[in-house]
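Reader: I'd like to learn how to read helices, sheets and pockets together. Could you walk me through an example?

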Amino acid sequence: MPSADGEDVTVTSADRIVPLTGSLSEIVFTLGLGERVVARDITATFEQAADLPVVTRAHDVSAESVLSLRPTVVLADTTTGPAEAIAQIRDAGIPLVVVEPAAELADVGRRIGTVAEALGVPTAGDRLKERTEARIAAVRRTIPARGDDAAPRVAFLYLRGSASVHLLGGARSGASSLLEAAGAVDAGKASGLTKDFTAITGEALAEAAPDAILVMTKGLDSVGGVDGLVNIPGVAQTPAGMDRRVVSVDDGVLLNYGPRTDRVLAELVEQLYPEAGEGA
């Protein structure tokens with residue numbers, strides 16, 4: 001089968017699977033093949049994978065660790081690296097399929113289909129795609145109806161307090177599709193930020209003027225919670241900062257765009273429209 005890095009890969013056995021990202025692990029497990037997975041990436045945070053050995057950390061693949069587990073197929077995406085490790089695994093004769101990463105809801109079905117084909121279970125892939133898309137559609141039906149002018153403006157902030165990393169997401173951050181599916185406006189994108197991320201400044205936040213701020217849970221913890229977040233220069237002056245309106249979603253699932261995306265979307269909807277839940 002064609003691999004996203006231009007290679008043509010033949011997979012003859014899916015008995016020992018090593019997915020090199022958490023999102024790929026999630027797809028493999030949801031396809032019902034979890035018992036065949038022999039290792040995980042550190043971002044595979046779900047309970048079923050917890051006891052598996054970790055062979056990658058933040059895209060730092062250990063080829064030796066992967067090969068020591070005698071995999072029959074390895075799954076990666078185009079951000080997996082370093083390139084030398086990928087080449088070492090391939091040079092050892094292990095089929096390695098590279099999957100295009102997901103950046104929006106429209107990518108969910110494609111990713112599931114590619115993984116299912118690589119592992120020889122295309123019918124299970126079709127069923128999972130249908131279930132996942134139906135669940136996402138069901139969540140979208142719960143979003144309160146409102147005009148475009150009343151849609152909440154939400155800024156996605158990437159935070160790593162220990163490294164003093166404070167970034168504002170733009171059109172290519174990966175969050176836009178999710179926010180738009182939740183009936184919101186991506187404030188960074190709407191303010192003209194065309195890249196993935198830009199350093200947070202008072203000027204950029206004032207231009208974005210978010211009604212709410214979306215963060216990953218660990219990122220929020222790293223800056224000292226909501227109290228620390230509003231102390232980042234410029235945040236307190238936004239409508240979101242003044243109202244302390246913060247939406248927090250687990251790091252391991254927020255931008256995965258996979259089988260659990262309906263749950264992520266449901267969390268977003270619940271936190272953005274608490275009044276809808278109160279009236280249910």
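Author: Happy to. This is a predicted model. Start with how a helix lies on strands: H4 lies across S5 and S6, running at about 170° to S6.

Reader: How should I read such an angle, and at what angle does H1 run to S1?

Author: Angles run from 0 to 180 degrees between N-to-C directions. Here H1 lies across S1, S5 and S6, at about 140° to S1.

Reader: What is the order of the strands in the sheet beneath them?

Author: To read an order, follow which strand pairs with which. In this case three strands form an open sheet, S1-S5-S6, with parallel pairing. S1 and S6 are the edge strands, since each pairs on one side only. From one strand to the next, the twist averages 20°. You can look at one pairing in detail: S1 and S5 are joined in the parallel sense over three bridges, and Pro 19 has Leu 75 in S5 as its bridge partner.

Reader: Back to H1. Is it largely enclosed or largely open, and why?

Author: Buried means under 20% relative accessible area. In H1, 10 of the 12 residues are buried, so the helix is largely enclosed by the rest of the structure. Among the buried ones are Leu 24, Ile 27, Val 28 and Phe 29, and also Glu 26. Their cover includes strands S1, S2, S5 and S6 as well as helices H4 and H5.

Reader: Now pockets. Which residues lie closest to the centre of the largest one?

Author: With a pocket, look at the space, then at the lining. The largest pocket holds about 1100 Å³. It is lined by 31 residues, and the closest to its centre are Thr 43, His 59, Met 216, Leu 255 and Asn 256. H1 and S7 each supply at least two residues of this lining, and S7 gives the most, with three. By class, the lining has 12 nonpolar, 11 polar and eight charged residues.

Reader: And which element gives the most to the lining of the second largest pocket?

Author: That is H5, with four residues. The second largest pocket contains about 240 Å³ of space. Its lining has 13 residues, with Glu 26, Thr 30, Gln 48, Arg 260 and Arg 263 nearest the centre. H1, H5 and H12 are the elements giving two or more residues to this lining. Its classes are four nonpolar, three polar and six charged residues. Do notice Glu 26 again: it is among the buried residues of H1 and among those nearest the centre of this pocket.

Key: Residues numbered from 1 in each chain as written. Predicted model: local features only at pLDDT ≥ 70, side-chain atom pairs only at ≥ 80, totals over all residues. Heavy atoms only, no water. 1 Å grid on protein atoms, 1.4 Å probe; cavity = no way out; pocket = protein on both sides within 12 Å on 5 of 7 lines; lining within 4 Å. Points joined across faces, edges and corners; volume = space filled by probe spheres on them. Nonpolar A, V, L, I, M, F, W, Y, C, P; charged D, E, K, R; others polar. Buried < 20%, exposed > 50% of the residue type's maximum accessible area, 1.4 Å probe, protein only. Contact = heavy atoms within 4.5 Å. Pairing = 2+ DSSP bridges.
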